[in-house]
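Thanks, everyone, for making the time. I would like to walk through one model this morning, so please have the viewer open as we go.

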Amino acid sequence: MKTTAELIADDPLWLSIIKVVAIFAFGVVMTLFMIWLERRVVGRMQHRPGPNRVGPFGLLQSLADGLKLAFKEDIRPVVADKWVYFLAPIISAIPAFLAFSVIPFGPDVTMFGHHTALQLVDLPVGVLVILACSSLGVYGIVLSGWASGSPYPLLGSLRSAAQVISYEIAMGLSIVGVILRSHSLSTSDIVNAQEGGWYFWLLPVSFVVYAISMVGETNRAPFDLPEAESELVGGFHTEYSSLKFALFFLAEYVNMVVVSALATTLFLGGWRAPWPLSAIDGGVLNTGWWPILWFVGKTFFFLFVFVWLRGTLPRLRYDQFMRLGWKVLVPVSLVWIVLIAASNALWNTPGVTTGQRLIFFGVGIVVLLVFALLLPDKRVADDEEFVPVTGSGYPLPPLDLSVPKSPPRRRLPAAPEPAEREMEPAAVAAADKETGDGSL
Amino acid sequence: MTTERTVAIGSGAAELATEDMVLNIGPQHPATHGVLRLRLTLDGERITEVEPIVGYMHRGAEKLFEVRDYRQILVLANRHDWLSAFANELGVVLAVERLLDIEVPVRAVWTRMLLAELNRVLNHLMFLGSYPIELGAITPIFYAFREREALQQVMEEATGGRMHYMFNRVGGLRDDLPAGWLDRVRRAVAEVRAGTAQIENLIRGNEIFHARTRGVGVLAASVAAQYGVSGPIARASGLDFDLRRDEPYLAYDELDVPVVTRTAGDCLARFECLLDQVGVSLNLAETCADRLAALPPGPISVRTPKNLKVPEGHTYAWTENPLGVNGYYLVSRGERTPWRLKLRSASFNNIQVAPDLMRGALVADMIAILGSMFFVVGDIDK
């Protein structure tokens with residue numbers, strides 16, 4: 001039995017090319033489909049139909065939009081840095097596709113008489129490649145903001161840089177948990193290691209941290225600060241149009257698919273069939289071409305969650321978002337890694353009884369609790385950044401006015417007969433006096 | 001762009017020259033609901049200076065009033081705050097009727113109150129939808145518009161308009177109400193009440209929403225009073241002032257008008273004020289509908305001459321518009337047109353306080369504050 005890496009290494013060139021084309025097509029088609037799906041699902045959440053004119057169920061709407069974008073005028077601001085402005089969308093889009101290459105779509109299959117695996121390459125550092133690709137993609141966003149020569153994109157790209165630095169760390173730490181368990185960085189090995197149980201319930205903390213940071217990593221709502229259309233108009237792509245804009249759009253959606261596929265690979269057992277199905281006929285559904293179905297299905301689950309979040313949540317503020325990353329996700333991940341490492345060590349040490357292990361963990365929890373209780377209460381810090389009200393050269397109203405006392409509420413006895421009551425509104429009553437005074 | 005900047009090298013970070021960035025929010029910007037322009041000076045993302053630049057939409061309404069007769073004035077007065085058109089008409093006709101010493105039929109008074117309250121709900125629903133959108137929640141506005149649709153239908157049935165009703169006339173209302181209309185109003189009110197509960201569920205308890213609005217843009221009651229802020233914004237700061245209760249016009253003195261107030265004065269308080277006020281207004285509308293149904297048949301308007309000449313004099317009529325106090329100072333020299341009709345619009349005063357709240361805030365906060373000032377640009381620029 002060859003390993004996946006060995007299987008793939010035997011691929012002839014033509015087979016690799018077929019895989020490359022298939023992966024590229026998968027990315028593009030998923031993007032078109034995702035845009036349609038998002039608009040339909042969000043439309044459904046908002047009591048409206050969503051696109052339903054072009055093609056069956058409006059499925060071709062994104063294709064039509066893409067064509068329209070291609071024919072639009074390509075605008076470059078005069079102050080833009082020509083080459084960086086041109087390269088930024090490309091830098092953003094290429095790594096997004098590149099990350100697909102290490103994702104295992106399925107197990108061994110026979111393709112045109114050739115025994116191979118449904119994966120382009122299986123690197124011993126596969127997970128790191130995906131992390132590297134997603135970090136590289138951010139250069140596109142940062143450079144686009146810088147090169148546009150306009151304040152809105154600049155603010156957007158600054159936000160993006162900070163966002164990705166902090167969430168890359170949280171994401172990396174959440175993956176460490178997976179690696180500690182699977183003892184491998186290769187994606188296919190991680191899927192194989194989940195034969196006994198998927199990691200989303202074996203490593204729940206890692207899963208939650210990953211799920212949050214993957215939304216942050218892809219700049220999607222509620223973490224879509226670099227775009228923030230109500231604040232920064234379009235954020236980093238404000239000045240972009242035509243195909244360059246389409247490339248950013250493509251990159252965003254392909255990134256979504258990549259992080260969802262990675263989440264599937266790392267935590268939902270990759271291409272493995274879900275439990276009741278996996279038991280059928282001794283796991284026949286885990287062989288051949290079936291696994292692609294499970295893989296795509298699980299990926300769509302994550303993609304749906306992306307859309308769901310967008311339809312539901314408001315956007316976080318920049319500093320709140322950073323606080324969540326650095327003060328919650330990173331520390332929680334670190335503690336969790338220590339826990340996994342400790343339990344690994346304990347379980348692998350011969351001669352330790354279960355009772356002893358439990359006692360050990362109990363002591364650990366008590367120590368943590370004591371530590372938590374000893375932490376000082378949160379103190380209301382003075383805001384050093386506070387800018388005093390200085391006045392802007394406009395006349396300010398007198399600042400010694402006092403708040404008028406609230407008038408007592410007038411309660412009227414119930415009118416005996418509303419119909420009979422003589423109508424004399426206060427307005428009319430007051431009019432006599434007013435007109436009398438008015439004859440100056 | 002060949003601006004050269006010399007930066008002192010080697011003299012330490014303290015002397016490194018940094019520049020504040022000037023950022024224009026508007027005149028075209030998604031958060032300004034039109035053509036308000038704010039010139040921000042930013043240090044990073046923190047705002048050091050704000051300067052609102054108003055007037056992009058100045059239409060000279062006050063000057064135009066002086067060359068229009070009293071029927072035509074209504075068309076103009078209707079439009080400065082396009083979200084509370086009925087309430088705007090009301091202020092003008094109240095002032096004119098007062099100078100003319102006309103007593104309006106009872107049915108007209110109650111119908112005006114009913115329509116004014118419905119108009120208030122329509123206005124508030126708009127902001128209940130648009131405010132979450134500014135904070136990035138895209139769904140509530142569709143819920144809000146669904147409810148608006150129910151109300152607009154009954155408004156349209158009675159007045160023929162969905163936005164600019166033009167239903168007030170000096171001396172009453174233009175037409176009598178359609179048969180069975182009051183029942184449909186009650187049904188619409190019940191529908192909107194249920195729908196508003198959904199909007200509330202959707203956004204009110206949301207933690208991100210709270211994080212974005214609680215303690216952000218705190219407006220002290222004293223500052224609100226100094227700037228002449230009124231309406232839900234002032235009441236959210238604890239300024240317990242509502243003309244419907246404190247200086248009742250129409251027949252509000254016969255109703256018990258609960259005034260929704262908060263003390264926090266932050267964006268959340270302003271939003272909650274608006275949300276709770278919808279419920280109050282729906283109740284008032286229902287009461288008005290009940291009273292109207294109990295009234296005996298009678299005229300809805302008094303006959304006024306086509307060539308309406310208002311006697312010499314001056315008066316000031318103010319009403320509690322959805323966005324705040326709306327005032328009309330009418331000076332007549334006995335002609336067909338007013339000599340002067342000064343308009344005091346709510347948004348103009350309310351927006352003045354915004355720069356005070358924004359200094360020292362982040363850009364994202366600025367959007368949250370601006371959105372919570374609930375303004376209509378036409379109402380600012382007149």
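Let me begin with helix α14 of chain B, residues 363-372, which lies across β1, β2 and β3 of chain B and runs at about 150 degrees to β2(B). Helices here are DSSP runs of H or I with at least four residues, strands are runs of E with at least two, and both are numbered from the N terminus. Contact means heavy atoms within 4.5 Å, and the angles, from 0 to 180 degrees, are taken between N-to-C directions of lines fitted to C-alpha atoms, for helices over the stretch in contact.

Before going further, the conventions: this is a predicted model, in which local features need pLDDT of at least 70 and side-chain atom pairs count only at pLDDT 80 or more, while totals for chains, interfaces and linings use all residues. Residues are numbered from 1 along each chain as its sequence is written, chains are lettered from A and ligands numbered from 1 in the order in which they are written, and side-chain values use heavy atoms, with hydrogens and water left out.

The sheet under α14 of chain B is open, with 3 strands in the order β1-β2-β3 and antiparallel pairing, where two strands pair if DSSP finds at least two bridges between them. Because β1 (21-25) and β3 (46-53) of chain B stand at the edges with a single partner strand each, one side of each is left without a neighbour in the sheet. Neighbouring strands are turned by 20 degrees against each other on average, direction ignored. Strand β2 of chain B, residues 37-43, is joined to β3(B) by 7 bridges, and B:L40 stands opposite B:V50 in β3(B).

Chain A also reaches this sheet: its helix α6, residues 151-182, lies across β1 and β2 of chain B, at about 110 degrees to β1(B).

A second open sheet in chain B has the order β6-β7-β8, again 3 strands with antiparallel pairing. From one strand to the next, the twist averages 10 degrees. Here 5 bridges join β7 (residues 324-332) to β8(B), with B:L330 opposite B:L341.

Finally, how far does the confidence go? Chain B averages a pLDDT, the predictor's confidence in each residue from 0 to 100, of 86, and 95% of the residues score at least 70. Over residues 5-13 of chain B, however, pLDDT stays under 50, and the model has 3 contacts beyond four places in sequence for that stretch. For the complex, the predictor gives an ipTM of 0.80 and a pTM of 0.81.
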